[in-house]
Amino acid sequence: METKSIKAFGTEAAEAPLQTLDIQRRAVQAHDVEIEILYCGICHSDLHTARNEWHGTIYPIVPGHEIVGRITKVGEHVKGFKVGDLAGVGCMVDSCRECEHCKNDLEQFCDEGNIQTFNSPDKHLGGQTYGGYSQSITVDESFVLHISDKLNLAAVAPLLCAGITTYSPLKHWKVGPGQKVGIVGIGGLGHMGIKIAKAMGAHVVVFTTSLSKTDDAKRLGADEVVLSTDETQMAQHARSLNFILDCVSAEHNIDAYLNLLKVDGTLTLVGAPMDPLPVTSFSLILGRRSFSGSLIGGIKETQEMLDFCAEHNITSDVEVIGVNDVNEAYERLLKGDVKYRFVIDMESLK
Ligand code: NAP
Ligand code: ZN
Ligand code: ZN
């Protein structure tokens, strides 16, 4: 297959810093669009993968799955996009399209395994897929999203992962008015969770380990803020929450949060630290509580989330950086020093 060489930013090894690489993109096929990437958000999953924390990373790796850009080419059978349109790509670029989950707009749970934007088998070129820290990407239009031109583009990019990953469980567990909802960890996911839960009408309680984020949490929409390292503050919320969305990227105490749920409450994990998180049986039994997880969201729901955010004027709070700042941004993520999403201006790669 014909290919095109482009510049990307990635790494050859878990311990090596990210640097400029040359990669190949396939020529536009009948159902493909080519997108010039303008901005790409930095998700903590990029860091987990670049450093092989989840194991299974194949090098070289080019992370990035919060992509916004402009369409530069369309294949002959493309119906939904034209050259010049804004477009977004999130965590998936393909799936089997035939299993029950793909047919039910839940491609993220595809029985064959969804094809992720990076570090998944590339069925067109062989090798692995390469993500959005790059100049352009070629994707089947079925996995491309429409982006409103009314919002700040850099601030829209994080919706493609952080937005949908928080919107989907908040919607699935029917968060809304009259409910007290906890959001744990104010990073990229958590800060979107606050904004979306608030827009859905819930009373939002934020749990953070960072004293420096407590004032901001209210500005982001929180009704109450709890410094989770303070046991007295935690105890004030015992047995009071209907739902908790846990967005923490590292090991932490799940029991402490389960005990804040009401009877029949649910704690949903979206944060994905590699090591097991112990749970005490009584934290579940004594309140008929549920402990669950959620993975991004399907393509249809991602479009619904983008439209919901456009309607409610919701975007991410971003710190726009150049590619040469990515390695430092990763170090800052590890310290929780992010307010609240780093987004790469891809112009800096040219
Ligand atoms: P992030 O921006 O780095 O935010 C993580 C936040 O967790 C930090 O800002 C911090 O918030 C808190 N935190 C970090 N270390 C902690 C510790 N040791 N103890 C307690 N709290 C800690 O990360 P993100 O991009 O939002 O991603 C969060 C997690 O979700 C990652 O594991 C990522 O891989 C995963 N993820 C999952 C999905 C999915 O589909 N399920 C999708 C995307 C990402 P405070 O400063 O407020 O405490
Ligand atoms: Zn992500
Ligand atoms: Zn499938």
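Is Ser148 buried, partly exposed or exposed? Ser148 is partly exposed, with a relative accessible area of 24%. That is one small detail of a predicted model, and the points below take you from its zinc site through its cavity, its backbone oddities and a few residue neighbourhoods. In the UniProt record, an unreviewed entry, the annotation "domain: Enoyl reductase (ER)" covers residues 16–344.

**The annotated span**
- Residues 16–344 are 25% helix and 26% strand.
- The C-alpha atoms at the two ends of that span lie 19 Å apart.

**The zinc site**
- Three protein residues act as donors to the zinc ion (ligand 2): Cys43 through SG, His65 through NE2 and Cys161 through SG.
- These donors lie 2.0 to 2.3 Å from the zinc ion.
- If you want to find them along the chain, look for the spacing C-x21-H-x95-C.
- Cys43 sits in the loop between strand 3 (32–41) and helix 1 (44–50), while His65 sits in the loop between helix 1 and strand 4 (67–74), so this pair ties together parts that are 22 residues apart in sequence.
- Both Cys43 and His65 are buried.

**The cavity**
- Searching the whole structure turns up one cavity of 30 Å³ or more.
- The largest cavity holds about 60 Å³ of space.
- Its lining is made up of Gly90, Cys91, Met92, Leu145, Leu160, Ile164, Ile296, Gly297, Ile299 and Thr302.
- Sorted by class, the residues lining the largest cavity are seven nonpolar and three polar, with no charged ones.
- Ile164, one of the lining residues, is also among the buried residues of helix 4.

**Backbone features worth a look**
- As background, most peptide bonds are trans, and most residues other than glycine have a negative phi.
- Tyr59 and Pro60 are joined by a cis peptide bond, with omega at about 0°.
- Pro60 belongs to the loop between helix 1 and strand 4.
- That loop between helix 1 and strand 4 also holds His55, which has a positive phi of about 65° although it is not a glycine.
- His55 counts as exposed because its relative accessibility is 53%, and exposed means over 50%.
- A cis peptide bond also joins Lys339 and Tyr340, here with omega at about -10°.
- Tyr340 is in the loop between helix 11 (326–334) and strand 17 (341–345).

**Helix 4 and what follows it**
- Helix 4 (162–172) is mostly covered, with nine of its eleven residues buried.
- The buried residues are Ala162, Gly163, Ile164, Thr165, Thr166, Tyr167, Ser168, Pro169 and Leu170.
- The elements covering these buried residues include strand 10, helix 5 (188–199), strand 13 (241–246), strand 14 (261–269), helix 10 (299–311) and strand 17.
- Just after helix 4 comes Lys174, with a positive phi of about 55°.
- Lys174 lies in the loop between helix 4 and strand 10 (180–184).
- Lys174 is exposed, at a relative accessible area of 64%.

**Residues brought together from separate parts of the chain**
- Ser148 is located in the loop between strand 9 (145–146) and helix 3 (153–156).
- Apart from neighbours within four places in sequence, Ser148 is in contact with Leu86 and Ala310.
- Ser148 and Cys309 are 161 residues apart along the chain, yet their C-alpha atoms are separated by 9.6 Å.
- Ile115 lies in strand 7 (residues 115–116) and is buried, with a relative accessible area of 18%.
- The C-alpha atoms of Ile115 and Met92 are separated by 5.7 Å, with their positions 23 residues apart along the chain.
- Setting aside neighbours within four places in sequence, the contacts of Ile115 are Cys91, Met92, Val93, Asp94, Ser95, Ser120, Pro121 and Thr129.
- Two of those contacts, Cys91 and Met92, also line the largest cavity.
- Glu15 lies in the loop between strand 1 (3–10) and strand 2 (19–26) and is exposed, with a relative accessible area of 73%.
- Glu15 and Asn52 are 37 residues apart in sequence, and 9.1 Å separates them in space, C-alpha to C-alpha.

Notes:
Residues are numbered from 1 along each chain as its sequence is written. Chains are lettered from A and ligands numbered from 1 in the order in which they are written. This is a predicted model: local features need pLDDT of at least 70, side-chain atom pairs count only at pLDDT 80 or more; totals for chains, interfaces and linings use all residues. Side-chain values use heavy atoms; hydrogens and water are left out. Donors are N, O and S atoms within 2.8 Å of the metal (3.2 Å for Na, K and Ca); water is not among the atoms, so sites may look incomplete. Helices (H or I, at least four residues) and strands (E, at least two) are DSSP runs, numbered from the N terminus. Buried means under 20% relative accessible area, exposed over 50%, partly exposed in between (1.4 Å probe, protein chains only). UniProt positions are given in the numbering used here, feature names are shortened, and annotations may be inferred rather than shown by experiment. On a 1 Å grid over the protein atoms alone, a cavity is a set of points where a 1.4 Å probe fits but cannot get out, and a pocket is an open set with protein on both sides within 12 Å along at least five of seven lines; lining residues have an atom within 4 Å of a point. Grid points are joined across faces, edges and corners, and a volume is the space filled by probe spheres set on the points. Ala, Val, Leu, Ile, Met, Phe, Trp, Tyr, Cys and Pro count as nonpolar, Asp, Glu, Lys and Arg as charged, and the others, Gly among them, as polar. Contact means heavy atoms within 4.5 Å.
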